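Q: I am new to this structure and would like to learn how to read the way its helices cross and where its pockets lie. Could you take me through these features in turn?

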Amino acid sequence: MDFGTLHLPVERPAAIEAAGWADIPAHTWMLLGCAVIILFLLPGIYKLFPALTGCLVRGRGNIEVEHSVSVARLRNTCARLLSVEFMVAADRYCLYDAGFIAPWSEPWLRLVELAALLVAFNSLRLIMHALLLGLRKVRLNFEIRLALRHGIYNYFICFVLWMLISLCVLVAFRAPDDVIRWCIWAELGILWLLSLVREGQILRTFCNGLTTFLYLCGLEIIPAAAFVAAGLVL
């Protein structure tokens, strides 16, 4: 028996499993922050539930939200805070895996970049709304303009709540990341399409079918397409 020979491998193994998302301590703090936000928002979401239900079933529900200043402010607050939940989910499941996004090893920079993208998308929407609705080819009162501009927030809140519930179920059943990612994309697509339908119902009251379609292209479809194209190209 040779005790003077080292029998362990001297070379580093070729494949070492990379650290997962949950293995990074900063992500634990993000999840705790998300839990605190949800607990903080529960009373507000409960108050908003009837208004959000009205927005899901008819376009005029968005106008009714803007008619109440307190409800509109609560909606805006919920949408802003729930965007944190969405960004953490987008980070965890790589919903927007563009080349310029920082790696998991830089969690706070990655979260800031996702927040900047969300702000850029919303800013582009607001610019398009200001340009197109500012042409005054259709006579819209202030509440209707607000409903067209901020109506997507109502559906965003519904989407995030739906996403969180489905995440709990899918994670409990140990669904693969790819399945969860596609489920979130599908939920986002459904709620976005529903927001287009409801926004079109509002515009249809003042415009013909072709004009309504053209407005929807400029107000919603172009910003969304630009956002997707940036992720594919850059």
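A: Let us begin with angles between helices: an angle of 65 to 115 degrees counts as roughly perpendicular, whereas one under 35 degrees counts as roughly parallel. Please keep in mind that this is a predicted model.

Q: At roughly what angle do the axes of helix α1 and helix α6 cross?

A: The axes of α1 (residues 25–57) and α6 (residues 177–204) cross at roughly 75° and come within 9 Å, and the two helices are therefore roughly perpendicular to each other.

Q: Which residues of α1 and α6 meet?

A: On the α1 side they are C55, L56 and V57, which meet L191, L194 and R198 of α6; by class, this contact has five nonpolar residues, one charged residue and no polar ones.

Q: How does one find a pocket, and what volume does the largest pocket have?

A: Rolling a probe the size of a water molecule over the atoms shows where empty space is left. Here the largest pocket has a volume of about 1200 Å³, and of the 36 residues that line it, F86, L118, F121, F156 and F227 are the closest to its centre. Helix α4 gives the most to this lining, with eight residues, and by class the lining has 27 nonpolar, six polar and three charged residues.

Q: Which residues are the closest to the centre of the second largest pocket?

A: This pocket, with about 370 Å³ of space, is lined by 15 residues, of which L31, V88, Y93, L164 and L167 are the closest to its centre. Two or more lining residues come from each of α1, α3 and α5, with α5 giving the most, five residues, and the lining divides into 13 nonpolar, no polar and two charged residues.

Definitions and conventions: Residues numbered from 1 in each chain as written. Predicted model: local features only at pLDDT ≥ 70, side-chain atom pairs only at ≥ 80, totals over all residues. Heavy atoms only, no water. Axes fitted to C-alpha atoms, helices over the stretch in contact; angles between N-to-C directions. Helix = DSSP H or I, 4+ residues; strand = E, 2+ residues; numbered from the N terminus. Parallel < 35°, antiparallel > 145°, perpendicular 65-115°, else oblique. Contact = heavy atoms within 4.5 Å. Nonpolar A, V, L, I, M, F, W, Y, C, P; charged D, E, K, R; others polar. 1 Å grid on protein atoms, 1.4 Å probe; cavity = no way out; pocket = protein on both sides within 12 Å on 5 of 7 lines; lining within 4 Å. Points joined across faces, edges and corners; volume = space filled by probe spheres on them.
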